[in-house]
Every structure is written in structure tokens, then in C-alpha cells.
Amino acid sequence: MKKGLLVKYGELAIRGKNRHLFEAQLIKAIRKNIDTIGSDFFINKEQGRFFVFDKKNDFPDTDLLIEKTKDILGIVGLSPCIVTDNSDFENIKALALNFFNENHADRNIGASFRVVTKRADKKYPMNSNEISAEVAGHILDNHPDLKVNLKNPDISLHVEIRNENYIYSKTVKGLGGLPAGSSGKGVLLLSGGIDSPVAGFMMQKRGISLEAVYFDSPPYTSIRAKEKVIDLARELMKFTGELRLHVIPFTKTQLYIYENVPAEKMTIFLKRAMLKTADKIAHKIGAYALVTGDSVGQVASQTLRSINAVESAATMPILRPLAGLDKIEIIEIAKKINTYDISIRPFEDCCTIFVAKHPETKPKTSVIENMEERRLKELDNLIDEAIEQAEIIDI
């Protein structure tokens, strides 16, 4: 008998012939995180489960394991458990009682419980209901003060009969989704605001690994604004184990646009330049999509006509996971992923500093494209120069 962590995953289990690729990505993410606390951990593949244990220590610190793995995308639940390869039912009953005693010694008189069994090994001589009934009866024989409640118990004891046999009662809920990188790579336009890190998280949750692009405009933006974005990138990195940030020196490009287009159209051209930059980086690093924090109608640059006028600047698909969410919904997610308090630090990004008092909300795409071709002939060269001078930060 040994102790470890049972890792449960959700939609990976319904993948077809390429399921093993998704499992391999999840194992890679788990491995990367737990290697920081020791190299003796082993990940054993079960049917629809992984079991993490220490090869040199039969009783590792499962609380520490949970802390290192709870934010990994693709995991729906983490359960500290005991495992045995001895399938004799008397042994399973004895272990279940011991586990119950050790983990629920502080139960109140009259507390309720149930036993839930999953029998993945269909050759086992007892079915799930029989196993649950026998284990529950054994616990009641030793604790007659307890009550059985199958619908809403105080304690749920789980028994899983697989290649090995697992017993647990606690499950820490995971974030779900797909493991990082299982859906390819994208480029996130990361500002210091609330929306873009939430958009990044939502695409990470769909298995997209990200590299982020931040547009730095000193002296109009401060070093604190840049530090804020680096801190946001650190929070996003926790869900995947890695994230690269491209800090683009954007002052020269921004001033060029400012000097050559009408003020009310400044935001549209600025966003087009950012998409052009991110698009070039995406091609360079082998990404397949851009990710933005646009929410339809939230600000002037996010009306449907503005979105249409901006997105023609890119050749890549643009993913907008926040398109149908309002600000309150976005803030709720930001608080959940610990980016909100960082995003509201009072340090402005380049977009907020150069925004017009009365930005255009109904631009015509053809007019914008023609004006860009006539008035911003050096734009592509300036963008290439900025990419060449970018600071690359591996978070």
C-alpha cells in the first residue's frame, strides 16, 4: 500500500484515436510542475486517470503535490488517495476502514456517509453496488454512530477498482479544459488591462499555448506599466508552465501614426498596426491564430464596424473569446485567475494615452485601408524595425 495523488481529467477521455497525444501533453505539464519539488515522482497511467507517487517515499506530501498541480489546465480533479495492488476484498475493506479512521477522526456523532465505487476492472467478482454495500457495512460495524446518506452525505468515500485499487474521500476541483499546447500555438495581444489576460486564459483552457506581445511606448508609458504586464504574464504562465513575452518598442511607430492620420481615426490605425505586428510575429514563431480581448460594443474600437476595419490588417485568424461577455462577467473571471488586482494598478498603456476624445465608431474598411496605403507608407518598415528590436522575456 502506498499514498499518492489521483489525477482526474475530463474531456480528454472522450478523444478518439489521438487521445494519447492529449494525455502526453497533460503528463508533460504535470511533470514540469512536480519536478520542482523532487525528481523521484512517477506518473502512472490508469484508465481515465493518472496516479502520481514517490518512488522512494510511500507517503509523500500530497498537499504539496496538489499545490503544484491544481492550476494545470486539463485536470478536473485531484484526490489524495491510498493505492494497493492487492485485490483481495478483505484487504480492500480493511484499507477503506483504516483510511476512514485516519481522515475522518473528527467526524461528529450522527454524521452521514456513503461509499461510491467505480469498477473499471469488469473481471472483478463483485459489482460496484455490492462493493459499496459491503465496505459501508464494514465501516458501520466499527462506527455504529454513523448514518448512511446516499444523496447528500457529510462524507463520501470512493473506491476505484482498476489495474490497482484506489481509496479516497477528498477531491480538489481543477480548472478543466485541455492541456497546454494540445491545440497549437497562438499570439496574445497582452495589454495592462483587465480583458486581454482573461482572453489569454480562456484560449489556454482550450489547449492553445501562447506567446504574448506587449507594446511599450516610453516615455509615454512608464516602467511600472511594463512591470504590470510582466506580472500578468506570470499569472498566465501558471496554467501552462511557460510563456514567452515579446516587448515591442512602439513609440516610433505610434508617433508616426499620430502625425499622419486624423485624431478620430487614431485608435483604428493603432490597432491595425498592433495586429500587423502580432501577425508578423505569429508567422515567425509558427503560430496559427491571434488572440485579443475584444468584447463587442464595450468601447468605440470594438463596434462591429470598427472590428471589421481593424481585422483586415492581419492574415491570421483572430480569436475573441470575450466577444459575448460583459464587463462584470470578465471581471469575475479575472478575479478567479488572480489577474484583476494586477490589471487595476494605475499605470496606463499606450492605447489609453493616445486615444482620441471622440473616436470614430463607424469606420469604413475601404476608407481605412486606402488611407493607410496613402498616408502610412513607412508603417511596415517601422513594424519590422520594432520586431527586430523587441525584448524577449521567458517568464
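Which residue in β12 is the bridge partner of Phe215? In this predicted model, the bridge partner of Phe215 is Ile248. The two residues belong to a pairing between β11 and strand β12 (residues 244-249), which is parallel and extends over six bridges.

The sheet that holds these strands is open and consists of six strands, arranged in the order β14-β13-β10-β11-β12-β15. Its pairing is mixed. The edges are formed by β14 (318-319) and β15 (391-394), each of which pairs on one side only. Strands of a sheet pair through backbone hydrogen bonds, in either the parallel or the antiparallel sense. On the other side of β11 in the strand order stands β10. Five bridges join β10 to β11, and these two strands also run parallel. Within this pairing, Leu188 has Ala212 of β11 as its bridge partner. Strand β10 (residues 185-189) is mostly covered, with four of its five residues buried.

Asp216 is a further residue of strand β11. Asp216 has a relative accessibility of 13% and therefore counts as buried, the limit for this class being under 20%. The C-alpha atom of Asp216 is separated by 5.7 Å from that of Ile248, although the two residues are 32 residues apart along the chain. Ile248 is thus named twice here, as the bridge partner of Phe215 and in the C-alpha separation from Asp216.

A polar contact of 2.5 Å joins the side chains of Ser217 and Gln254. Gln254 is found in helix α7 (residues 251-260). With a relative accessible area of 1%, Gln254 is buried.

A separate strand pairing involves strand β2 (residues 41-46) and strand β3 (residues 49-54), which are antiparallel and share six bridges. The two strands form a hairpin with two residues between them. In the turn, Gly48 has a positive phi of about 75°. Glu46 stands opposite Arg49 in β3.

Side chains of opposite charge can pair when their charged atoms come close. The count of salt bridges in the model comes to 25. One of them is formed by Glu11 and Arg206, whose closest N and O atoms are 3.0 Å apart. This pair links distant parts of the chain, the two residues being 195 residues apart. Glu11 lies in the loop between β1 (2-9) and α1 (19-34), and Arg206 lies in the loop between α5 (195-204) and β11 (209-216). Glu11 counts as partly exposed because its relative accessibility is 26%, and Arg206 falls in this class at 35%.

A salt bridge between Arg345 and Asp231 likewise links distant parts of the chain, over 114 residues. The closest N and O atoms of Arg345 and Asp231 are 2.8 Å apart. Arg345 is placed in the loop between α11 (340-343) and α12 (350-353), whereas Asp231 is part of helix α6 (residues 223-237). Arg345 is partly exposed, at 31% relative accessibility. Asp231 is also partly exposed, at 22%.

The salt bridge between Arg162 and Glu160 has an N to O distance of 2.7 Å. Are these residues buried or exposed? Both Arg162 and Glu160 are buried. In addition, Lys271, Asp294, Glu311 and Arg320 are linked in a network of salt bridges.

The second largest pocket has a volume of about 410 Å³. Its lining comprises 17 residues, of which Lys28, Ala180, Ser209, Thr240 and Glu242 are the closest to the pocket centre. Both α1 and β11 supply at least two residues of this lining. The most is given by α1, with four residues. By class, the lining contains seven charged, five polar and five nonpolar residues. Strand β11 therefore has a place both in the lining of this pocket and in the six-stranded sheet, where β11 pairs with β10 and with β12.

Terms used. Residues numbered from 1 in each chain as written. Predicted model: local features only at pLDDT ≥ 70, side-chain atom pairs only at ≥ 80, totals over all residues. Heavy atoms only, no water. Salt bridge = Lys/Arg side-chain N within 4 Å of Asp/Glu carboxyl O. Buried < 20%, exposed > 50% of the residue type's maximum accessible area, 1.4 Å probe, protein only. Polar contact = N/O pair within 3.5 Å; in protein donor to acceptor, adjacent residues only side chain to side chain. 1 Å grid on protein atoms, 1.4 Å probe; cavity = no way out; pocket = protein on both sides within 12 Å on 5 of 7 lines; lining within 4 Å. Points joined across faces, edges and corners; volume = space filled by probe spheres on them. Nonpolar A, V, L, I, M, F, W, Y, C, P; charged D, E, K, R; others polar. Pairing = 2+ DSSP bridges.
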